[in-house]
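The following exercises introduce a protein chain through its helices, loops and contacts. Each task is followed by a solution in steps.

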Amino acid sequence: MMCAVAMGTAGSGRGAGGAAPVAGGSSPPPGRAARPGAEEGECRSRAECLTGPRSRGCRGGRQASKNKSMEKPEPFYRLSVSKQKTSSEIVNEARSVLRTLRTQRPLTPAEDQRKLFGSGSSRAPQSRPPSVFSLHASSFDLAESRPASGVRLSPLDYKPIVVISSEDEESSISLPKPAVDAAEVRKVSSARAQLFRRTSQGDVFPAKMAPLDHHGEKLDCGEPATMSNLHRTNDNCLAEQRAYTPFNDKSGQLICNEHSGKPEREDVLKGTAGKLLFQLKGESNQMKKHGIVASQPRIIDWKRRLTGLEDDTRIDESEEEKNFWHTKVLPVLHELKTEDNVEGLCLACTKLYQVLNEGNMLGKRSKRRSMLLKTLYKLVEIDSDPLCLKLAKIILSMKVDGKNLLGVCKLAFKVCRNGKNDYLIQNDRLLDCLLEVVRTEDLQKNSEALLYCLGAIKFMSGNAVLLNEMVNKEAVEMLLQLMKQINNIKENDPHFSSLGHLLVQLTATLRNLADLPQARCQLVCSGAISELCVALEQRMNDKDVCTYIVRIFSKLSSYNDFCAALADCSRCYVLFLALLNKHQKQQDLVIRIVFILGNLTAKNNQAREQFFKEKGSVNTLISLFQTYHELDLNEEKWYRERGREEKKNPRHPSEAEDVLIKLIRVLANLSIHPSVGAALAAAHHVVELLVTVLEYKSIEVCEELVINAATTINNLSFYKVKSSAVQEKKLRIAEMLLKLLMSNNMDGVVEAVRVFGNLSQYHEICDFIVQKKIHKFVIALLDAKNQDVCFSACGVLLNLTVDKDKRALLMEEGGIGKLVDCLRDFGPADWQLACLICKTLWNYSENITSAASCFGEDTDTLLALLTSLLDEELALDYGLDRGDHHKLYWETEFKPVAAKLLDRIQTHHSSVSTVIITAF
């Protein structure tokens, strides 16, 4: 990672002496700022606007400018310009050099096993729904599989009905009498009881599902009751009933179905059911006649109980439906009952689904669904994931509810829990069925079923193919709608706690969906930020929910569009600070929040200001810094006692180091804002912690942490404010930078040179540089053949050459020749660097008497080089299309300084030798 950033002087906006601060994030190479060669008044204006240090490169110029009539040459060329830039232009240009610190997004390791709640869940095992369970046929409820009758049945409350005699309506009262012989009724009742007992044991099909038998044989009550026999018995009983009842009496007429007038449906009423209905009808009419009001729903319940309408009877079934059932469905069901091979059962289930779909019998439309479902429920006990997948799809397609919905969602969860089944699920339509459950089912009524449904969807989202399929099926919108419903449940609601389990599954799925560009777009457009913030605020005490939501933000804030939308949500800063204060020692949560804050403040100046103004924001960051600094110190001590080699991966940050890296990045980003940066520069706790990192942490142990600390110090050193903590600790900082310079890490070396560029505006630091022979190292960096490295080195040399007694050091170490080489190598491609080199040479040659004695053997090369670079046609039109800005830099930054330097050299050079300059 190249963390080196070239620094600007007061005139250049980059390099030593007034280096612009650096900020955090991942950004392109640093840009260039205010133009060089500014006159003394312009230099002061820029320094005041940025509340940053003035370049020592301007110091000589300011001294000379006190007497404008003086002919004495001045360090750092003072140019008269026709149009002076405004302060805002200078500030904007200065900020263009700022960069953001590059860092990696926190890694979320994949779980070894698929569970409702991961291994790091804060939920106690006894207080959360299980991920492992057993399913049997008894896990389902057949009664709930029956189609709705349209009327909710009330408990039967039988009371003798008093009938008023027609002879004496006022006084004659008689009790109802049975219409047929009681023994006959008992026979039929006994036969039905045997039938229901056998049905419950699974010996025969329920009555409501049996095929109709049109034979007219009579039932022998001594024989076992069968569906066809019972049907024939009912026919006989109905005929016998008609013999006893005069049909010319309208009070005894039978109404088989109040909602249908089809005559053929009267045949459904058989035996005792018909007899009692005749009696009820007659009694009801008698009561109406004499003003006694009976409960109509209760009578309807009686009719449904006695005729079987509360079951899924075939009263409304057409002949076509009957034929389809017998010819298409029943053979498949028979195959399911007799097949003893799992592959054969899977094929039969596939065939069954196709047949049901063909006959439009999916959902609750089928009148025989109870038989069908009961057959499927028994197959659940077979331990085969492929078969369970087929069963789950069919059962879900039948639109079951209640206990059955919970059972089938658990069944789907069980299948999806095994990642090896993903390829099976890809080829099926189970996802469609589960998404339909999410879309349609009642949140509070079926919360447990939805929990396992979402758990299954979460498992599916771990598969790339299924994840793309979810996006195409608008899963994002469905999940956000469900989240909105959950957010509407307040904390005092009894369902609030259990819905937290559901939110964990939902947010975990959204986190996986956030990996896809299309899903990210949907999340931004669907208002996901506001809903996630509401959930975060309501579930502040639920670490699991908070962690998943923060993971979503962590992922999405890496993208500019979402980051900008999140920055506009002013409530998010308060929530993030509250989470940091509440869960300060939860590293996995803290590191992601700090990463998000780093992203928000990387490119948005308004976000920097808004976060800084939140109450307790800086104190929260300092508290976190201290907490994880202590943890890191303890870890360092532990490794030191046992030997450094015991650390598993020295180049990979530990958990504490990773938090500090991202926390320092936030401070670096905040310091871009002028007022915030000035405040942080005066914050002694902040600077002290940064310096401490440089003191105890070796760059060999954690490169990113050390470089980030140095970069942030460099940012803060830009602000020359009263009671600056950086200025107060400048010598201590210089000692730490020296250690960094001596390392073998080039990124660290360059970062240290950049900080020296800002600090070398102080005499004490210049003396320190010479005393420790740092200038030799800096001059050697000019051979690095890297533009940014050369720029940083030139910045330090520029400030050193302001002091007359230090100029000779440049010649002694061969610095002049190296500067000329840099001008030749990088000049045409980097006019700001070329400008900085010319400024350094201008300061160096302030007291020139002879060009040859001043520049030595490089004099003629420098003259020819400056002449060529000042030739606009040669310098700009040699075939490379670099855009208008390249020409602008040449005209406004390089040309004024280089022309004045060329004039000085020519004035003090007796004869100019011919030097051939090759193409750039």
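The angle between two helices runs from 0 to 180 degrees between their N-to-C directions, and the axes are lines fitted to C-alpha atoms over the stretch in contact. The model examined here is predicted.

**Exercise 1. The packing of two helices**

Task: Determine at what angle helix H11 and helix H12 pack, and how far apart their axes are.

Solution.
Step 1. Locate the elements: H11 covers residues 385-397 and H12 covers residues 402-416.
Step 2. Read the geometry: the angle is about 145°, and the axes lie 9 Å apart.
Step 3. Assign the hand: H11 and H12 cross in a left-handed manner.
Step 4. Identify the residues in contact. H11 contributes Asp 385, Cys 388, Leu 389, Leu 391, Ala 392, Ile 395 and Leu 396, while H12 contributes Leu 405, Val 408, Leu 411, Ala 412 and Val 415.

**Exercise 2. The chain as a whole**

Task: State how many helices and strands the protein chain has, and what percentage of its residues is buried.

Solution.
Step 1. The secondary structure consists of 43 helices and two strands.
Step 2. Of the 920 residues in the chain, 55% are buried.
Step 3. Consider the contacts between residues at least 6 apart in sequence: 77% of them join residues at least 24 apart.
Step 4. Turn to the surface: the chain exposes about 40700 Å², of which carbon and sulfur atoms supply 49%.

**Exercise 3. The two sides of helix H25**

Task: Establish which residues of H25 are buried and which are exposed.

Solution.
Step 1. In H25, which spans residues 605-613, the buried residues include Ala 607, Arg 608 and Phe 611.
Step 2. These three residues lie on the same side of H25, because the arc they cover around the axis is only 105°.
Step 3. A general rule agrees with this kind of pattern: an α-helix has 3.6 residues a turn, so residues three or four places apart point the same way.
Step 4. Gln 606 and Lys 613 are exposed on the other side of H25.
Step 5. At the N-terminal end, H25 is capped by Asn 604, which has a side-chain oxygen 3.0 Å from the backbone nitrogen of Gln 606.

**Exercise 4. Two loop residues and their polar contacts**

Task: For Asp 428 and Lys 785, decide whether each is buried or exposed, and find the side chain with which each makes a polar contact.

Solution.
Step 1. Asp 428 belongs to the loop between helix H13 (422-426) and helix H14 (430-440).
Step 2. Its relative accessible area is 9%, and therefore Asp 428 is buried, the cut-off being under 20%.
Step 3. The side chain of Asp 428 makes a polar contact with that of Lys 393, at 2.7 Å. Beyond the neighbours within four places in sequence, Asp 428 is in contact with Leu 389, Lys 390 and Lys 393.
Step 4. Lys 785 is in the loop between helix H35 (774-780) and helix H36 (787-800).
Step 5. Lys 785 has 54% relative accessibility and so counts as exposed, the cut-off being over 50%.
Step 6. A polar contact of 3.1 Å joins the side chains of Lys 785 and Asp 825. Along the chain these two residues are 40 residues apart, and their C-alpha atoms are separated by 8.1 Å.

**Exercise 5. A buried cysteine**

Task: Find where Cys 546 is placed, and which residues Cys 546 touches beyond four places in sequence.

Solution.
Step 1. Cys 546 is part of helix H21, residues 543-556.
Step 2. Since its relative accessibility is 0%, Cys 546 counts as buried.
Step 3. With residues up to four places away left out, Cys 546 touches Leu 536, Arg 539, Met 540, Leu 579 and Leu 589.
Step 4. Cys 533 is 13 residues from Cys 546 in sequence, and the C-alpha to C-alpha distance is 9.8 Å.

**Exercise 6. The phi angles of two residues**

Task: Determine what phi Asn 360 has and what phi Ser 723 has.

Solution.
Step 1. Recall the general expectation: most residues other than glycine have a negative phi.
Step 2. Asn 360, although not a glycine, has a positive phi of about 55°. Asn 360 is found in the loop between helix H9 (342-358) and helix H10 (369-379).
Step 3. Ser 723 also is not a glycine, and its phi is positive, near 60°. Its place is the loop between helix H30 (703-717) and helix H31 (725-728).

How values were computed: Residues numbered from 1 in each chain as written. Predicted model: local features only at pLDDT ≥ 70, side-chain atom pairs only at ≥ 80, totals over all residues. Heavy atoms only, no water. Buried < 20%, exposed > 50% of the residue type's maximum accessible area, 1.4 Å probe, protein only. Helix = DSSP H or I, 4+ residues; strand = E, 2+ residues; numbered from the N terminus. Arc of directions from axis to C-beta. Polar contact = N/O pair within 3.5 Å; in protein donor to acceptor, adjacent residues only side chain to side chain. Contact = heavy atoms within 4.5 Å. Areas by Shrake-Rupley, 256 points an atom, 1.4 Å probe, with all protein chains shown as cover. Left-handed = near helix turned anticlockwise from the far one by under 90°.
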